[in-house]
Amino acid sequence: MSHNKTPMPMDQAFAHVRVLDFTRVLAGPFASFQLAVQGAQVIKVEQPGGEETRNMARERLWAERQMAPIWMSVNANKRSITLDLSKPSAISVVKRLAAQADVVVENFRPGVMSRLGIGYEQLSALNPKLIY
């Protein structure tokens, strides 16, 4: 993977900041969305099937498409990747991404990321400048 970051306008506060986003439901995705609208390159990591809010739509058609308006609104300006974090190959991908990231944002229950092998201790060993 290249260390080059996607060019962003310099007038954005977080231009040239790369964020790995493991957030779900509403509060976490909204937090990382704030970074994205200020220029950060946010890479949203979702489990297969997506996060819970993809299906939270009053209109059945949007829920079936997994494109609930609430999900779309807090995940705008983000790139997306689907990874099954129970698989070693997915953890390997996360570690490669984290080595080039500036920030990791997650809102799982305490200890989940560490049990998966991608908690603060594991990822900061790969990237000591990482903000977690």
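This report describes the salt bridges, the nonpolar cores and a surface patch of a predicted model. Local features need pLDDT of at least 70 and side-chain atom pairs count only at pLDDT 80 or more, while totals for chains, interfaces and linings use all residues. Residues are numbered from 1 along each chain as its sequence is written, and side-chain values use heavy atoms, with hydrogens and water left out.

The structure holds two salt bridges, a salt bridge being a side-chain nitrogen of Lys or Arg within 4 Å of a carboxyl oxygen of Asp or Glu.

| Salt bridge | N to O distance |
|---|---|
| Asp21 and Lys78 | 2.9 Å |
| Glu51 and Lys44 | 2.6 Å |

The pair of Asp21, in strand E1 (residues 18-22), and Lys78, in strand E3 (residues 78-82), links distant parts of the chain, 57 residues apart; strands here are DSSP runs (E, at least two residues), and helices likewise (H or I, at least four), numbered from the N terminus. Asp21 and Lys78 are both buried, as are Glu51 and Lys44, where buried means under 20% relative accessible area, exposed over 50% and partly exposed in between (1.4 Å probe, protein chains only).

The largest nonpolar core, a set of buried Ala, Val, Leu, Ile, Met, Phe, Trp, Tyr and Cys residues joined through side-chain atoms within 4.5 Å, has 18 residues, and those with the most contacts inside it include Leu20, Phe22 and Leu85. Helix H4 (88-100) is among the elements that each supply at least two residues of this core, and H4 gives the most, with six residues. A second, separate core of seven residues includes Leu35 and Val105.

Val25, in the loop between E1 and helix H1 (27-37), counts as partly exposed because its relative accessibility is 38%.
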